[in-house]
Amino acid sequence: QVQLVESGGGLVQPGGSLRLSCVASGNIFSRYAMGWYRQAPGKQRELVATITSERGTNYADSVKGRFSVSRDNAKNTVYLQMNSLKPEDTAVYYCNAVALGNVVSVLWSWGQGTQVTVSS
């Protein structure tokens, strides 16, 4: 069972930046596409970015041009660089392995997530 540990969240002012990290246990990380999700209070969890094992990336329209996803397979880690943060980016952020297709499916158990709060 792969375990995911997200970190790097915090309180940041509008316009600021944060870099989130997600470390996966085990030795199968490099085989999988990874996704970053977020869940704001009272809302459903939404997919914000994906990166394939070949480092192809895709972003939700709401974060395109502001967020950047990357991965380091040697460290079993996926990153989310978040710039020009807005109050509406406030959420708990999670990562997971994903199966990409018309419908994106998560493959592993969720970690605890990391809270991002954008507020002045």
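**Notes on rings, a disulfide and a sheet**

1. Tyr94 is buried, with a relative accessible area of 11% (buried means under 20%, exposed over 50%, partly exposed in between; 1.4 Å probe, protein chains only). Please keep in mind that this is a predicted model, in which local features need pLDDT of at least 70 and side-chain atom pairs need 80 or more, while totals for chains, interfaces and linings use all residues. Residues are numbered from 1 along each chain as its sequence is written, and side-chain values use heavy atoms, without hydrogens or water.

2. Now to the rings. Searching the whole structure gives 3 aromatic pairs (Phe, Tyr or six-membered Trp rings with centres within 6.5 Å; planes under 30 degrees apart are stacked, over 60 edge-to-face, the rest tilted). Tyr32 and Trp108 make an edge-to-face pair, with 5.1 Å between centres and 65° between planes. Tyr32 belongs to the loop between β3 and β4 (33-39), and Trp108 to the loop between β10 (105-106) and β11 (114-118), so this contact ties together parts 76 residues apart in sequence. Strands here are DSSP E runs of at least two residues, numbered from the N terminus. Tyr32 is partly exposed at 25% relative accessible area, whereas Trp108 counts as buried at 13%.

3. Tyr94 and Trp110 also pair edge-to-face, at 5.7 Å centre to centre and 70° between the planes. This pair links distant parts of the chain: Tyr94 is in strand β9 (residues 91-99) and Trp110 in the loop between β10 and β11, 16 residues apart. Trp110 is partly exposed, at 33% relative accessible area. Ring pairs also bring in Tyr37, which forms a cluster with Tyr94 and Trp110.

4. Which charged residue sits over the ring of Trp110? The charged end of Arg45 does, 4.1 Å from the ring centre (the rule asks for Lys NZ or Arg CZ within 6 Å of the centre and within 35 degrees of the ring normal). Elsewhere, Arg71 lies over the face of Phe29, 4.5 Å from the centre of that ring.

5. The search of the whole structure finds 1 disulfide (cysteine sulfur atoms within 2.5 Å). Cys22 and Cys95 form this disulfide, with their sulfur atoms 1.7 Å apart. The link joins distant parts of the chain, as Cys22 is in strand β3 and Cys95 in strand β9, 73 residues apart. Are these cysteines buried or exposed? Cys22 is buried at 0% relative accessibility, and Cys95 is buried at 0% too.

6. β3 also takes part in an open sheet of 4 strands, ordered β1-β3-β8-β7 and paired antiparallel (pairing needs at least two DSSP bridges between the strands). β1 and β7 (67-72) stand at the edges with a single partner strand each, so one side of each has no neighbour in the sheet.

7. At one edge, strand β1 (residues 4-7) pairs antiparallel with strand β3 (residues 18-24) over 4 bridges. Glu6 stands opposite Cys22 in β3, and Cys22 is one half of the disulfide with Cys95. β1 has a covered face with Leu4 and Glu6, and an uncovered face with Val5 and Ser7. That fits a familiar pattern: in a regular strand, side chains alternate between the two faces of the sheet.

8. At the other edge, β7 and strand β8 (residues 77-82) run antiparallel and are joined by 6 bridges. Which residue in β8 is the bridge partner of Val69? Leu80 fills that place.
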